[in-house]
Amino acid sequence: MHRLGTLRNRKKTLKAFTELDAFPKIPENYQETTASGGSVTLVISVFIFILVLSEFWYYRAIESKYSYEVDTDYDSKLLINVDLTVAMKCDDLGVDVLDLSGSTMDLEDGIKLEPAYFELTDEQKIWMTMFKDFYYFFEGYRSLGEMESFKSGMPTYMPKRKDSDNQEGKPHDACRVYGSFEVNKVAGNFHLTSGKSIQHPQGHAHLSALVPEQAVNFSHRIDRLSFGHHMPGYVNPLDGDMQTADKARMMYQYYIKIVPTKIKFLGSSQEVLTNQYSVTQKSREISHNRGSHGIPGIFFKYDMSSIMVHIKYQHRSMVAFLVRLCGIVGGIFATSGMLHSFIGFLVDVAMCRFGFKKEKEKLPSESTDAPVVQSNGPPSPTLNPGLPVSTDELQKVPEVTTITPTTPLLQNQANA
């Protein structure tokens, strides 16, 4: 009895769970398949496969997560890295840094001036063309970016001129200015002008009057200009920039906004401190007769931002990947089903509108050889199904004879 009661309770529990089923099953006998439905299924299967594949590649890609905070580090120094070539002789060129406090930095230890050629070699021209193509295509003009091609081995700086490329007998027509130096973390001005600089109580001055005007040419090429530690693979906004002056007394101004940046690479637990910057460029000819005053030269006017940017490279979440996959598969199936039903409805309406009717399926015809049942006696009493039948009632049921086309009675009637 105890086992019987346990079995009964299990059946009741199973029945309760069955009534809670939100996904009722339709028997296959009641399901109708069509050629249009098969075509739609094939199309959406290919579409889902393409979307799932693209979603997988999106999940495998590395994303950059940005966060911002106020920069509270005001005691540290700012490192400036520069490598540029000016189409003037080194003896006629002066390089100085002046910050907002009015102090002048000593650049003798950090900056070097080296005679060079302004014209590029064939190898340097190929590099410059490739560099600009990658630069414009991947990250756009005047923006900080990371290029995998350069990070994998291609240098982000101009290849050095080989000894075999030096033109024998031709004097150097340019000056390469390169090196690294530290300045105060305040707004400043790093500039290159004609004539060496001299110090005086109110600042400094350049002896530009001693340089002949025909020797002044501020055409320049910036191979590298960065702030902070060098990051492999990262290209700064002014890297590879070249300006050609068609007049002698030209003034080039670069207004630079430096943003302190901390970068945390994938798989690394430490953050690397560096700087990125945005730049605005302006150039004009100095002509006192036309009211354009100033000093010819190249001026990099920089200022610090009060906001620090944190960049973290990471993989995307697996949970988000699965949720997006479910949304893709479920959404496409639901939408395609509705569209298929709606298009079928429009087709039916169009067929009815133009007088077309669907052919009905023909039912199987009744066979002439079906047996005929004939009773030999009076009508049989009605028996209620589900009620017990007594022996007397069964005896009242008349004998039934099955008549077929081969019955002798029918054959005699046919012969008659």
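The legends below describe an overview and several close-up views of a predicted model.

**Figure 1. Overview of the chain.** The predicted chain contains seven helices and 18 strands. Of its 416 residues, 32% count as buried. Among contacts between residues at least 6 apart in sequence, 80% join residues at least 24 apart. The accessible surface of the chain comes to about 28700 Å², and carbon and sulfur atoms account for 58% of this area.

**Figure 2. Strand E2 and its two pairing partners, E6 and E10.** Strand E2 spans residues 77–86 and is mostly covered, with eight of its 10 residues buried. E2 pairs with E6 in the antiparallel sense over 10 bridges. Within this pairing, Asn 81 has Ser 180 of E6 as its bridge partner. E2 also pairs with E10, again in the antiparallel sense, over seven bridges. Here Asp 83 has Arg 224 of E10 as its bridge partner.

**Figure 3. Strand E3 paired with strand E7.** Strand E3 comprises residues 93–99, and six of these seven residues are buried, so the strand is largely enclosed by the rest of the structure. E3 and E7, the latter formed by residues 188–194, pair in the antiparallel sense over seven bridges. At one position of this pairing, Gly 94 stands opposite Thr 193 of E7.

**Figure 4. The surroundings of Thr 193 in strand E7.** Thr 193 has a relative accessible area of 2% and is therefore buried, the cut-off for a buried residue being under 20%. Once its neighbours within four places in sequence are left aside, Thr 193 is in contact with Asp 92, Leu 93 and Gly 94, as well as with His 206 and Phe 218. Its contacts also include Ile 295, Pro 296, Gly 297 and Phe 299. Gly 94 thus appears both as a contact of Thr 193 and as the residue opposite Thr 193 in the pairing of E3 with E7.

**Figure 5. The largest cavity and its lining.** The chain holds three cavities of 30 Å³ or more. About 110 Å³ of space lies in the largest cavity. Its lining consists of 13 residues, of which Met 231, Tyr 234, Asn 236, Thr 274 and Asn 275 lie nearest the centre. By class, five lining residues are nonpolar, eight are polar and none is charged. Strands E10 (220–227), E13 (250–264) and E14 (272–285) each supply at least two residues of this lining. E14 gives the most, with three residues.

**Figure 6. Ser 268 in the loop between E13 and E14.** Ser 268 is partly exposed, with a relative accessible area of 30%. Ser 268 and Lys 312 are 44 residues apart in sequence, and their C-alpha atoms are 9.9 Å apart in space. The loop that holds Ser 268 joins E13 to E14, two of the strands that supply residues to the lining of the largest cavity.

**Figure 7. Lys 170 in the loop before strand E6.** Lys 170 lies between helix H4 (148–151) and strand E6 (174–184). This residue is partly exposed, with a relative accessible area of 37%. Leaving aside neighbours within four places in sequence, Lys 170 is in contact with Tyr 117 and Glu 119. Tyr 117 is 53 residues away from Lys 170 along the chain, yet their C-alpha atoms are separated by 9.5 Å. The strand that follows this loop, E6, is the one that pairs with E2 over 10 bridges.

Conventions:
Residues numbered from 1 in each chain as written. Predicted model: local features only at pLDDT ≥ 70, side-chain atom pairs only at ≥ 80, totals over all residues. Heavy atoms only, no water. Buried < 20%, exposed > 50% of the residue type's maximum accessible area, 1.4 Å probe, protein only. Helix = DSSP H or I, 4+ residues; strand = E, 2+ residues; numbered from the N terminus. Pairing = 2+ DSSP bridges. Contact = heavy atoms within 4.5 Å. Areas by Shrake-Rupley, 256 points an atom, 1.4 Å probe, with all protein chains shown as cover. 1 Å grid on protein atoms, 1.4 Å probe; cavity = no way out; pocket = protein on both sides within 12 Å on 5 of 7 lines; lining within 4 Å. Points joined across faces, edges and corners; volume = space filled by probe spheres on them. Nonpolar A, V, L, I, M, F, W, Y, C, P; charged D, E, K, R; others polar.
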